[in-house]
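Welcome, and thanks for taking a look at this one with me. Here is a short briefing to read alongside the sequence and the coordinates.

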Amino acid sequence: MGLLERVTIKVDARQYQKAACGKRVYGQLGSSPNVWARAMLGEEVEDLICHEDEKTEYRKFLGCNVEFAESLELLREGKVIKGTSLYNKTISIFC
């Protein structure tokens, strides 16, 4: 997967609305829709980056821990892809 400066995760509308510091979100990795991500969210900050799709709203969180799996079911069972966990990362979520 390489080092990701910023992780983008597509979540459902319910998770997007309820996302907050200390909460967990599940979704598809924005750059690779065949990979699922689970993130423990850190502090939310204003997202000042201009995104390609101006109609899509993004929320930005700092200090997040992220794990990856090949499916949502595997992720929920804790069967993550070994060696891919990221710590203290900046993530953006969108729906």
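## A buried ring to start from

Phe94 is buried, as its relative accessible area is 15%, below the 20% that marks the limit for a buried residue. The model you have open is a predicted one, so let's begin with its confidence and overall layout, and then come back to the ring of Phe94 and its surroundings.

**Confidence**

- The mean pLDDT of the protein is 89, and 89% of its residues reach 70 or more.
- Confidence is highest in E4, at a mean of 96, and lowest in E1, at 90.
- A general caution applies here: where pLDDT is low, the predicted coordinates should not be read in detail.

**Overall layout**

- The protein contains six strands and two helices.
- Read from the N terminus, the order of elements is β-α-β-β-β-β-α-β.
- Of the 95 residues in the protein, 38% are buried.
- About 6,200 Å² of the protein is exposed, and 48% of that comes from carbon and sulfur atoms.
- If you take the contacts between residues at least 6 apart in sequence, 56% of them join residues at least 24 apart.

**The aromatic pair**

- The structure has one aromatic pair.
- Its members are Tyr58 and Phe94, whose ring centres are 5.2 Å apart; the planes meet at 40°, so the pair counts as tilted.
- This pair links distant parts of the chain, with Tyr58 in strand E5 and Phe94 in strand E6, 36 residues apart.
- Phe94 is also touched by Thr56, whose contacts beyond four places in sequence are Phe94 and Cys95.
- Thr56 itself sits in the loop between E4 and E5, and it counts as buried because its relative accessibility is 19%, against a limit of 20%.

**The nonpolar core**

- The largest nonpolar core holds 18 residues, and Ile9, Leu41, Val66, Ile91 and Ile93 have the most contacts inside it.
- At least two residues of this core come from each of strands E1 (6-10), E2 (24-29), E3 (32-40), E5 (58-69) and E6 (86-94).
- E5 gives the largest share of this core, with four residues.
- What does Ile93 touch, once its neighbours within four places in sequence are left aside? Its contacts are Ile9, Val11, Tyr16, Ala19, Val25, Glu57, Tyr58, Arg59 and Phe61.

**Strand E1 and its partners**

- In a regular strand the side chains alternate between the two faces of the sheet.
- E1 shows such alternation: Val7 and Ile9 are buried and point to one face, while Arg6, Thr8 and Lys10 point to the other and are not buried.
- E1 and E6 run parallel and are joined by five bridges.
- Within E6, the residue opposite Ile9 is Ile93.
- E1 and E2 run antiparallel, with two bridges between them.
- Within E2, the residue opposite Lys10 is Gln28.

**Polar residues worth a look**

- Ser92 belongs to strand E6 and counts as buried because its relative accessibility is 0%.
- Beyond four places in sequence, Ser92 touches Arg6, Val7, Thr8, Ile9, Asp47, Tyr58, Arg59 and Lys60.
- Where does Asp47 lie? It is in the loop between strand E4 (43-45) and E5.
- Is Asp47 buried or exposed? Its relative accessibility is 18%, which means that it falls under the 20% limit and counts as buried.
- Asp47 is in contact with Arg6, Tyr58, Lys60 and Ser92, leaving out residues up to four places away in sequence.
- The C-alpha atoms of Asp47 and Phe61 are 8.6 Å apart, with the two positions 14 residues apart in sequence terms.
- Ser32 has its place in strand E3, and it counts as partly exposed because its relative accessibility is 24%, in the range between 20% and 50%.
- From Ser32 to Thr8 the C-alpha separation is 9.7 Å, and the two are 24 residues apart along the chain.

Conventions:
Residues numbered from 1 in each chain as written. Predicted model: local features only at pLDDT ≥ 70, side-chain atom pairs only at ≥ 80, totals over all residues. Heavy atoms only, no water. Core = buried A, V, L, I, M, F, W, Y, C linked by side-chain atoms within 4.5 Å. Buried < 20%, exposed > 50% of the residue type's maximum accessible area, 1.4 Å probe, protein only. Contact = heavy atoms within 4.5 Å. Areas by Shrake-Rupley, 256 points an atom, 1.4 Å probe, with all protein chains shown as cover. pLDDT = per-residue confidence, 0-100. Pairing = 2+ DSSP bridges. Phe/Tyr/Trp six-rings, centres within 6.5 Å; stacked < 30°, edge-to-face > 60°.
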